[in-house]
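Thanks for sharing this one with me. Here are my notes, in numbered points, to read alongside the structure.

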Amino acid sequence: VSGIVYLVGGGPGDPRLLTLRGAEVLRTADVVVYDRLAPAALLDLAPARAELVDAGKAPGRASPSQDAINALMVSRAKAGRTVVRLKGGDPFVFGRGGEEALACARAAVACEVVPGVSAAIAGPASAGIPVTHRGLGTTFAVVTATASGGAGPDLRRVATAVDTLVVLMAGNRVDEVCEELVAAGRDPEEPAALVQWATTPAQRSVVSSVRDLPQVSKRHGLGPPAVLVVGRVVGLAHAAEWLAAPPLDRALSSS
Ligand SMILES: C[S@@+](CC[C@H](N)C(=O)[O-])C[C@H]1O[C@@H](n2cnc3c(N)ncnc32)[C@H](O)[C@@H]1O
């Protein structure tokens with residue numbers, strides 16, 4: 001009998017943000033193929049006998065190609081195994097989960113998607129920033145800073161189309177992204193934040209303006225993985241006393 005591939009969203013970082021369904025399927029895994037940003041503690045949920053395959057990038061080592069990952073998942077499932085493909089955040093938000101689901105479909109391998117809590121929403125939230133808020137932001141978009149090799153057409157296309165802009169993969173190109181947003185017509189005085197390692201003990205964030213965010217985040221040494229948020233909702237980060245007991249270093253600075 002053929003096995004199955006579960007595409008599981010591991011959530012943004014805190015392992016407790018995995019869904020119950022995600023935990024359930026991890027406990028049945030024969031094989032776990034995991035990404036670098038998938039919370040490492042979740043691997044403990046897999047049975048001790050499970051084969052663990054690191055599909056993430058590590059310094060000095062190339063990550064396996066997407067084709068190689070697809071082929072591995074498909075071949076293990078065809079051999080009757082239960083495969084969990086564990087990803088950071090949600091598998092279908094800049095996670096190539098769609099490509100993996102299609103690869104399963106093409107190979108006639110059963111596949112179930114288990115959605116996850118995306119860093120696109122949870123990242124801002126963990127710094128006290130709701131992506132929508134009545135009167136401040138009623139539309140939002142999630143874009144990546146890297147799809148076109150830098151701040152590029154996708155960013156320009158949505159720059160002024162929504163109230164709240166969430167930019168993923170922006171951690172090492174904050175200056176390019178902010179410049180591009182201003183060039184596309186976004187107000188340089190608008191509040192902007194960078195949230196690094198959201199929902200983990202290493203979380204740090206800075207709040208500034210679109211103009212000053214590159215300099216402020218550099219001064220505090222913030223880099224990837226980070227979510228960049230632009231919009232009036234960022235102003236609520238200052239009023240975030242309602243955050244449940246954030247670790248002291250969470251809200252590193254506002255300037
Ligand atoms: C390849 S994308 C994957 C997004 C993921 N599928 C999701 O839904 O969260 C990776 C980017 O997500 C963001 N990211 C993921 N985890 C994060 C975290 N704990 N804190 C801040 N940003 C994070 C960063 O922008 C990072 O560059």
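1. Let me begin with Gly88, where a backbone N or O atom lies 3.0 Å from a nitrogen atom of the ligand. Please keep in mind throughout that this is a predicted model.

2. Val93 also meets the ligand through its backbone: one of its backbone N or O atoms is 2.7 Å from a ligand nitrogen atom. At Ala226, a backbone N or O atom lies 2.7 Å from an oxygen atom of the ligand.

3. Which residues come nearest to the ligand, of the 17 around it? They are Val93, Ser118, Met169, Ala198 and Ala226, so please give these five a look in your viewer.

4. Staying by Ala226, have a look at the peptide bond from Pro224 to Pro225, which is cis, with omega near -5 degrees. Pro225 sits in the loop that joins helix H7 (213-219) to strand S10 (226-230).

5. Another backbone detail is Arg96, whose phi is near 60 degrees, a positive value in a residue other than glycine. Arg96 belongs to the loop between strand S4 (82-87) and H3.

6. On to the helices. Helix H2 (residues 66-78) packs with helix H3 (residues 97-106) at an angle of about 45 degrees, and their axes are 10 Å apart. H2 and H3 are therefore oblique to each other, and their crossing is right-handed.

7. Which residues make this contact? From H2 they are Gln66, Ile69, Asn70, Met73 and Val74, and from H3 they are Glu99, Glu100, Ala103 and Cys104. Sorted by class, the contact of H2 with H3 holds 5 nonpolar, 2 polar and 2 charged residues.

Methods:
Residues are numbered from 1 along each chain as its sequence is written. This is a predicted model: local features need pLDDT of at least 70, side-chain atom pairs count only at pLDDT 80 or more; totals for chains, interfaces and linings use all residues. Side-chain values use heavy atoms; hydrogens and water are left out. Axes are lines fitted to C-alpha atoms, for helices over the stretch in contact, and angles run from 0 to 180 degrees between N-to-C directions. Helices (H or I, at least four residues) and strands (E, at least two) are DSSP runs, numbered from the N terminus. Angles under 35 degrees count as roughly parallel, over 145 as roughly antiparallel, 65 to 115 as roughly perpendicular and the rest as oblique. A crossing is left-handed if the near helix is turned anticlockwise from the far one by less than a right angle, and right-handed if clockwise. Contact means heavy atoms within 4.5 Å. Ala, Val, Leu, Ile, Met, Phe, Trp, Tyr, Cys and Pro count as nonpolar, Asp, Glu, Lys and Arg as charged, and the others, Gly among them, as polar. A residue is near a molecule or strand if one of its heavy atoms lies within 4 Å of it. A polar contact is a pair of N or O atoms within 3.5 Å; within protein, one must be able to donate a hydrogen and the other to accept it, and residues adjacent in sequence count only if both atoms are side-chain atoms.
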